[in-house]
Amino acid sequence: MRLILSAFAALFLLIGCQQEVNHEYNEVSIKDEEKNVLVTSADFEKASIQEDSDRLRVKVDFKDSKLPEEMTEQYLNEQVYIYLGDKEIASPIIRKVTNNDSIQIIGDYTKEEAEQFVSVINQ
């Protein structure tokens, strides 16, 4: 009887370990190297995914058209950190100053993370 109970316990443990954890995120942010928040979901108007042959880009439109220019100018050639909730999903380097109301983020995030990022902004 003990052997049977032990076998069932091990089976339930294995089944439980195989289940994927599904996180629900309600905030995205961009932070600097010291983890100071530069922008949050509240600063974004909308977002979309653009796929090239070998990488994903997330295009983010800002509510305040001056904010992208100020941020990219201040952090030009520096690394920033993209967060989905409290999970860092990318760490791109700002390569140029933008003078419009949007930025494109090319990072090392997965397609699922990019989709969640866009979903949070477009809610």
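Colleague: What makes β3, β4 and β7 an open sheet, and in which order do the strands stand?

Modeller: In this predicted model, where local features need pLDDT of at least 70 and side-chain atom pairs count only at pLDDT 80 or more, totals for chains, interfaces and linings use all residues. Residues are numbered from 1 along each chain as its sequence is written, and side-chain values use heavy atoms, leaving out hydrogens and water. The 3 strands form an open sheet in the order β3-β4-β7 with antiparallel pairing, and its edge strands, β3 (44–51) and β7, each pair on one side only. From one strand to the next the twist averages 20 degrees, with axes fitted as lines to C-alpha atoms (for helices over the stretch in contact) and angles running from 0 to 180 degrees between N-to-C directions.

Colleague: Why are β3 and β4 said to pair?

Modeller: Two strands pair if DSSP finds at least two bridges between them; β3 and β4 (residues 56–62) have 7 bridges in the antiparallel sense, and therefore they meet the criterion. Within this pairing, isoleucine 49 has valine 58 of β4 as its bridge partner.

Colleague: What makes you say that α2 and α3 pack on the sheet, and which strands do they touch?

Modeller: Contact means heavy atoms within 4.5 Å; α2 touches β4 and β7, its direction making about 50 degrees with that of β7, while α3 (residues 111–121) touches β3, β4 and β7, at about 155 degrees to the direction of β3. These elements are DSSP runs, helices being H or I over at least four residues and strands E over at least two, numbered from the N terminus.

Colleague: How do you know that both faces of β5 are covered, and which residues show this?

Modeller: Buried means under 20% relative accessible area, exposed over 50% and partly exposed in between, with a 1.4 Å probe and protein chains only. In β5 (residues 81–84), Tyr81 and Tyr83 on one side and Ile82 and Leu84 on the other are all buried. As for its partners, β5 pairs antiparallel with β1 (residues 28–31) over 4 bridges and with β6 (residues 87–90) over 3 bridges. Tyrosine 83 stands opposite serine 29, and its bridge partner in β6 is glutamate 88.

Colleague: Why is one space called a cavity and another a pocket?

Modeller: On a 1 Å grid over the protein atoms alone, a cavity is a set of points where a 1.4 Å probe fits but cannot get out, whereas a pocket is an open set with protein on both sides within 12 Å along at least five of seven lines, and lining residues have an atom within 4 Å of a point. Grid points are joined across faces, edges and corners, and a volume is the space filled by probe spheres set on the points. The search finds 1 cavity of 30 Å³ or more, and the largest cavity holds about 30 Å³; the largest pocket has a volume of about 400 Å³.

Colleague: Which residues line these spaces?

Modeller: The largest pocket is lined by 17 residues, with Arg95, Lys96, Ile103, Gln104 and Ile105 nearest its centre, and β7 gives the most, 5 residues. The lining of the largest cavity includes Val58, Ile82, Ile105 and Phe117, and α3 gives the most to it, with 3 residues.
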